[in-house]
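Here are my notes for the bench, set out as numbered points to be read beside the model.

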Amino acid sequence: MPSRTTCTRAAVTAAVAALCALSAAPAAADTRPWSAAPAPGGTRGPGAEDRSSFFLEGGPGTVIEDRLTVVNPGGRARTVALRGTGPWIALAARRVTVPPRTRADVPLTVTVPAGTAPGDRHAAVVATGDGLRIRVPMAVRVSGPALPALTVEHVRVSGTGGAAVIRYALVNRGNTTLAPRLTIRAKGHFGEVLNRVARGVPAELAPGSAVRLTEKWPDAPRLDPVEVRITARAPGAAPATASGSYTPLPWLLPSVLTGLGLAGAGAAGRLLVRRRRGRPGVGAPA
């Protein structure tokens, strides 16, 4: 019968062998045939610690230079097509062929036209090949005074009761990217009937862009006319407010008012007849 020491040594030997087998096993490889990203510094390939997007800054009339890196980790050459989504971007090559297990750096320039207003612009470099499409985002900040400005426009309510929907537009009229936050309030004859943070608002709104938004209002009042007020706020920008009126069941109100008027007239007529009949000699036969 083997001793306890022999068994322990056998167990340790087996554990060491298992660890060696795990360390010798190949690591999970990137299944993508190639990758594209802003070029890193030095000669090494791009990694997780490098830039995932371009951020460039310059004044009107300047030319900004950078590079895109395409990495081919596979065993055969890869051909990748390149293009910029913005009119300011110029690539040194529209197509690049990368040999196996190498990388290619493609220079690019961004020309900011003279007279361009300060603010943020957004574009991208798109690389396609072998059924793969990679979009590398690019933000270009044109230097100059920042002018954040946000507006709320065209507030209206459609539908009634449980089908009521608030519709409005949110517009960035400044020259900087904004992170808006909106609140919606509604007040009628009987007090406040709505007060909440708006849903579906984009996390960022680029300069000059506009979005049309809707807000469901299932518990809207069915008889009380109200004013819906929307207030937008963003860091650095002055608050913006816009409002719209909401009259539920507008076809019913004239009928109600007419009925009340007729009822009032009828009551007044009956009261007048009673008073005339109550006077001595009034209404008696001659």
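**Notes on the predicted model**

1. Thr69 counts as buried, because its relative accessibility is 0%, well within the cut-off of under 20% that the term requires. This residue is found in strand E3, which covers residues 63-72. The structure shown is a predicted model, and the points below should be read with that in mind.

2. Two further values place Thr69 among its surroundings. Its side chain is joined to the side chain of Asp105 by a polar contact of 2.5 Å. Ser35 stands 34 residues away from Thr69 in sequence, while the C-alpha atoms of the two residues are 8.2 Å apart in space.

3. For the chain as a whole, the secondary structure comes to two helices and 16 strands. Of its 286 residues, 34% count as buried, and the chain exposes about 17300 Å², with carbon and sulfur atoms supplying 58% of that area. Among contacts between residues at least 6 apart in sequence, 63% join residues that are at least 24 apart.

4. One open sheet deserves a separate point: four strands form it in the order E13-E12-E15-E16, and the pairing is antiparallel. Its edge strands are E13 (191-197) and E16 (237-246), each of which pairs on one side only. From one strand to the next, the twist averages 15°. As general background, the strands of a sheet pair through backbone hydrogen bonds, in either a parallel or an antiparallel manner.

5. Within that sheet, strand E12 (residues 181-188) and strand E15 (residues 226-234) pair in the antiparallel sense over eight bridges. Which residue is the bridge partner of Ile184 in E15? The partner is Ile230, and Ile184 also appears among the residues that Glu215 touches.

6. Is Glu215 buried or exposed? Glu215 counts as buried, because its relative accessibility is 2%, and its place is in strand E14, residues 210-217. The side chain of Glu215 makes a polar contact of 3.0 Å with the side chain of Arg196. A polar atom of the Glu215 side chain also lies 3.0 Å from the backbone nitrogen of Arg199, so that a side-chain group and a backbone group are both to be inspected here. Leaving out residues up to four places away in sequence, the residues touched by Glu215 include Ala164, Val165 and Ile166, as well as Val197 and Ala198.

7. By the rule applied here, the count comes to one aromatic pair. It is formed by Trp217 and Tyr246 and is tilted, with 5.5 Å from centre to centre and 50° between the planes. The pair links distant parts of the chain, with Trp217 in strand E14 and Tyr246 in strand E16, 29 residues apart. Both Trp217 and Tyr246 are buried.

8. His154 offers a contrasting case to check, since this residue is exposed, with a relative accessible area of 55%. Its place is in strand E10, residues 150-158. Leaving aside neighbours within four places in sequence, His154 is in contact with Arg167, Tyr168, Ala169 and Arg212. With Arg212, the separation is 58 residues along the chain and 9.4 Å between the C-alpha atoms.

Key
Residues are numbered from 1 along each chain as its sequence is written. This is a predicted model: local features need pLDDT of at least 70, side-chain atom pairs count only at pLDDT 80 or more; totals for chains, interfaces and linings use all residues. Side-chain values use heavy atoms; hydrogens and water are left out. Buried means under 20% relative accessible area, exposed over 50%, partly exposed in between (1.4 Å probe, protein chains only). A polar contact is a pair of N or O atoms within 3.5 Å; within protein, one must be able to donate a hydrogen and the other to accept it, and residues adjacent in sequence count only if both atoms are side-chain atoms. Contact means heavy atoms within 4.5 Å. Accessible areas come from the Shrake-Rupley method with a 1.4 Å probe; for residues, only the protein chains shown count as cover. Two strands pair if DSSP finds at least two bridges between them. Axes are lines fitted to C-alpha atoms, for helices over the stretch in contact, and angles run from 0 to 180 degrees between N-to-C directions. Rings of Phe, Tyr and Trp (its six-membered ring) pair if their centres lie within 6.5 Å; planes under 30 degrees apart count as stacked, over 60 as edge-to-face and the rest as tilted.
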